[in-house]
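Here's a quick briefing to read alongside the model. Have the viewer open and follow the topics one by one.

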Amino acid sequence: MRFGIIGCGSIAASSFAPSLLNSRETELAAVCRRDAAGARDFAARFGGCAAYDSAAGLLADDAVEAVIVATPTDTHCEYTLAAAAAGKHVLCEKPMARDRHEARRMVEACREAGVALGVAYRRRLFPQVLEAKRRLAAGEIGPQVFTRTHYSGGGGLGSGPWQIQPGIGGALMEMAVHRIEVLLNLAGSEPVEVCGQLDTVLHNWPVDDTDALLLRFADGAAGVHSTILTSNPRRDFAQVDGTDGRIVIDGLEYGGEAIEVETASGREQVPVEPLQAPYFDQPMIEDFVSAAREGREPVCDGVTGYRVQAVADAARESSASGARVAVEPWDPGSAP
């Protein structure tokens with residue numbers, strides 16, 4: 001499948017473009033950025049594909065069958081709708097949109113156009129997450145009662161000034177959403193309520209650097225997520241507690257090599273084959289290609305993107321009001 005990349009920033013260079021070039025299932029056909037010279041330089045670095053200075057130019061290219069939207073969050077909805085209207089499949093970088101309302105529009109537009117929509121919550125296809133899901137499905141720790149995810153790390157959010165722009169930047173939108181997705185994926189039940197606290201504890205930012213979320217799920221289980229951008233060194237983990245044990249993923253990074261399963265009989269280190277940089281998006285992209293060809297939803301699908309955004313919206317509303325906030329569910333009648 002021939003891809004175009006809208007946006008030639010760090011994530012496009014560090015993962016999307018190398019993964020497209022490394023896979024036998026994909027080809028990088030075009031890229032675009034507003035800086036035409038920058039687009040040409042990026043294209044030259046990654047195989048000499050076509051280069052455009054606008055998304056409209058790239059979307060008009062008949063050689064492009066699918067696009068990766070790798071721009072700041074406030075343009076995700078606009079570019080996804082334009083790509084759908086042009087008949088292109090869409091894989092959108094996270095977070096999916098500014099809010100759940102934009103996310104819903106994106107899902108509906110792609111369905112109406114008959115194109116696939118994916119959202120780059122790449123950890124759904126990380127080997128350690130897949131192994132944890134397999135063991136949960138096998139009932140190795142009994143019925144689940146509690147799920148936790150956590151990220152900590154000091155320093156800033158990256159090179160883009162938009163990453164500390166209110167409404168689209170901050171700890172919740174830039175870092176926490178990845179781990180909220182893992183939380184929802186491992187919990188395996190619909191989130192129904194959130195109590196959230198979003199604060200700026202250390203940095204001189206107009207956005208949050210510290211988040212704590214308490215979730216209640218439809219099956220009665222509880223969940224917790226925390227993101228703190230005020231503490232080094234970096235730590236990224238998940239834990240699922242069941243009535244008969246627990247599973248710990250101490251390393252939600254692409255290079256994770258094992259998970260731990262603890263039951264009454266002891267602790268077992270379960271090795272997995274780690275992904276290799278810079279190709280950690282290749283499994284997600286190849287599943288997306290297969291889904292588009294087969295007419296099914298990709299594993300990293302748009303409804304997942306909506307659910308993460310609905311939890312994030314509820315967390316922001318809860319933090320502002322001091323009250324528990326219901327999570328707006330995906331309309332079951334709209335499910336694929």
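Let's start with a helix on a sheet: helix H9 (residues 302-321) lies across S8, S9 and S15, and runs at about 55° to S8. Keep in mind that this is a predicted model. The strands under H9 belong to an open sheet of nine strands with mixed pairing, and there's also an open sheet of six strands with parallel pairing.

**Helix H9 and Thr-304**

- One residue to pick out in helix H9 is Thr-304.
- Is Thr-304 buried or exposed? Its relative accessible area is 11%, and buried means under 20%, so Thr-304 counts as buried.
- Setting aside neighbours within four places in sequence, Thr-304 is in contact with Arg-124 and Glu-181.

**The nine-stranded sheet**

- Reading across the sheet, the strand order is S14-S13-S12-S11-S7-S10-S9-S8-S15.
- The edges are strand S14 (266-271) and strand S15 (325-326), each of which pairs on one side only.
- Helix H7 (residues 171-187) packs on this sheet too, touching S7, strand S8 (191-199), strand S9 (210-217), strand S10 (222-228), S11 and strand S12 (245-250). The direction of H7 makes about 155° with that of S7.
- Strand S7 (residues 144-152) and strand S11 (residues 235-242) run antiparallel and are joined by eight bridges. If you want a residue pair to click on, Ser-152 has Arg-235 in S11 as its bridge partner.
- Over at the S14 edge, strand S13 (residues 258-263) pairs with S14 in the antiparallel sense, over six bridges. Glu-260 stands opposite Gln-269 in S14.
- How many residues sit between S13 and S14 in their hairpin? There are two.

**The six-stranded sheet**

- Here the order goes S3-S2-S1-S4-S5-S6.
- S3 and strand S6 (117-119) are the edge strands, and each pairs on one side only. From one strand to the next, the twist averages 20°.
- Helix H8 packs on this sheet and touches S1, strand S4 (66-69), S5 and S6. Its direction makes about 155° with that of S5.
- Strand S5 (residues 89-92) runs parallel to S6, with three bridges joining the two. Leu-91 has Gly-118 as its bridge partner in S6.
- Strand S1 (residues 2-6) pairs with S2 in the parallel sense over five bridges, and Phe-3 stands opposite Leu-28 in S2.
- S2 also pairs with S3 in the parallel sense, over three bridges. There, Val-31 stands opposite Ala-51 in S3.
- S2 is largely enclosed by the rest of the structure, because five of its six residues are buried.
- You can trace two right-handed β-α-β units here: one is made by S1, H1 and S2, the other by S2, H2 and S3.

**Helix H2, face by face**

- Which residues of helix H2 (residues 36-45) are buried? They are Gly-38, Ala-39, Phe-42 and Ala-43.
- Looking down the axis of H2, those buried residues fall within an arc of 135°, so they line one face of the helix.
- That buried set packs against helix H1 (10-22), strand S2 (27-32) and strand S3 (50-52).
- Turned away from the buried side is a face with the exposed residues Arg-40, Asp-41, Ala-44 and Arg-45.
- Asp-35 caps the N-terminal end of H2, with a side-chain oxygen 3.2 Å from the backbone nitrogen of Ala-37.
- Just after H2 comes Gly-47, which takes a positive phi of about 95°.

**The loop at Pro-278**

- Where is Pro-278? It's in the loop between S14 and helix H8 (282-294).
- Pro-278 has 28% relative accessibility, so it counts as partly exposed.
- Not counting residues up to four places away in sequence, Pro-278 touches Ser-14, Ser-15, Pro-18 and Ser-19.
- From C-alpha to C-alpha, Pro-278 and Gly-302 are 24 Å apart in space, and they're 24 residues apart in sequence.

Conventions: Residues numbered from 1 in each chain as written. Predicted model: local features only at pLDDT ≥ 70, side-chain atom pairs only at ≥ 80, totals over all residues. Heavy atoms only, no water. Pairing = 2+ DSSP bridges. Helix = DSSP H or I, 4+ residues; strand = E, 2+ residues; numbered from the N terminus. Contact = heavy atoms within 4.5 Å. Axes fitted to C-alpha atoms, helices over the stretch in contact; angles between N-to-C directions. Buried < 20%, exposed > 50% of the residue type's maximum accessible area, 1.4 Å probe, protein only. Arc of directions from axis to C-beta. Polar contact = N/O pair within 3.5 Å; in protein donor to acceptor, adjacent residues only side chain to side chain. Right-handed = clockwise from strand over helix to strand, strands pointing away.
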